[in-house]
Amino acid sequence: MSEINVTGQNFEKEVLHSDKPVLVDFWAPWCGPCKMLGPVIAEIAEEHPEIKVCKVNVDNEMDLASSFHIASIPMLVVMKDGKVTNTAVGYRPKEQIVNMI
């Protein structure tokens, strides 16, 4: 499955009401570590269909970023049944991210 770009308008449907665990990547196009993490997140999306992978551009979705108290990016948030179950800030290897879920 490919990554889903999430906005304030589709967040509830794609993330809160997902029937799968969701990995949300809060990122920005100017962020160096985000650029390094992007291909890793894309690989996870392709290799793990049991996980929904969503991306939130914090520049475009400031309200969403604020609601998750995003202070540093990249920030990964794992959600299950509409609740946050795990978070990580900064670059992480793929295995570590998959193990978070």
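Start with the whole protein chain in cartoon view and trace it from the N terminus: the elements follow the pattern β-α-β-α-β-α-β-β-α. That makes four helices and five strands. Keep in mind as you go that this is a predicted model.

**Stop 1: the whole chain**

Zoom out until everything fits on screen. The C-alpha atoms fill a box of roughly 30 × 30 × 20 Å along the principal axes. The radius of gyration is 12 Å, close to the 13 Å that the globule rule gives for 101 residues, so the chain is as compact as a globular protein of that length.

Now switch on the surface. About 5500 Å² of the protein chain is accessible, and carbon and sulfur atoms account for 53% of that. Underneath, 45% of the 101 residues count as buried. If you like contact maps, here is a figure to go with yours: among contacts between residues at least 6 apart in sequence, 71% join residues at least 24 apart.

Colour by charge next. The chain has 9 positive and 14 negative charges, and the mean positions of the two sets are 2 Å apart.

**Stop 2: the phenylalanine cluster**

Hide the surface and select Phe11, Phe26 and Phe68 as sticks. Ring pairs link these three residues into a cluster. How many aromatic pairs does the structure hold? There are two.

Look at Phe11 and Phe68 to begin with. Their rings are edge-to-face, with 5.6 Å from centre to centre and 70° between the planes. Phe11 sits in helix α1 (residues 11-16), while Phe68 is in the loop between α3 (62-67) and β4 (75-80), so to speak a bridge across 57 residues of sequence. Is each of these two rings buried or exposed? Phe11 is buried, at a relative accessible area of 8%, and Phe68 is buried too, at 17%.

Turn to Phe26 and Phe68. This pair is tilted, with 5.2 Å between the centres and 45° between the planes. Phe26 lies in strand β2 (residues 22-27) and Phe68 in the loop between α3 and β4, so the pair ties together parts that are 42 residues apart in sequence. Phe26 has a relative accessibility of 0% and counts as buried.

**Stop 3: methionine 79**

Keep Phe11 and Phe68 on display and add Met79, which lies in strand β4. What does Met79 touch, leaving aside residues up to four places away in sequence? Its contacts include Phe11 and Phe68 from the previous stop, along with Val15, Leu16, Val22 and Val84. Lys20, Pro21 and Thr85 are also among them. Met79 counts as buried, with a relative accessibility of 3%.

For a distance to draw in the viewer, pick the C-alpha atoms of Met79 and Ser18. They are separated by 9.1 Å, although the two residues are 61 apart along the chain.

**Stop 4: aspartate 59**

Finish with Asp59, in the loop between β3 (52-57) and α3. Asp59 is partly exposed, with a relative accessible area of 33%. Show its neighbours as sticks: not counting residues up to four places away in sequence, Asp59 touches Ala28, Pro29 and Trp30. A last distance to draw runs from Asp59 to Ala28, which are 6.3 Å apart, C-alpha to C-alpha, and 31 residues apart in sequence.

Definitions and conventions
Residues are numbered from 1 along each chain as its sequence is written. This is a predicted model: local features need pLDDT of at least 70, side-chain atom pairs count only at pLDDT 80 or more; totals for chains, interfaces and linings use all residues. Side-chain values use heavy atoms; hydrogens and water are left out. Rings of Phe, Tyr and Trp (its six-membered ring) pair if their centres lie within 6.5 Å; planes under 30 degrees apart count as stacked, over 60 as edge-to-face and the rest as tilted. Helices (H or I, at least four residues) and strands (E, at least two) are DSSP runs, numbered from the N terminus. Buried means under 20% relative accessible area, exposed over 50%, partly exposed in between (1.4 Å probe, protein chains only). The radius of gyration is taken over C-alpha atoms; the globule rule is 2.2 Å times the number of residues to the power 0.38. Contact means heavy atoms within 4.5 Å. Accessible areas come from the Shrake-Rupley method with a 1.4 Å probe; for residues, only the protein chains shown count as cover. Lys and Arg count as positive and Asp and Glu as negative; His and the chain ends are not counted. The place of a charge is taken as NZ of Lys, CZ of Arg, CG of Asp or CD of Glu.
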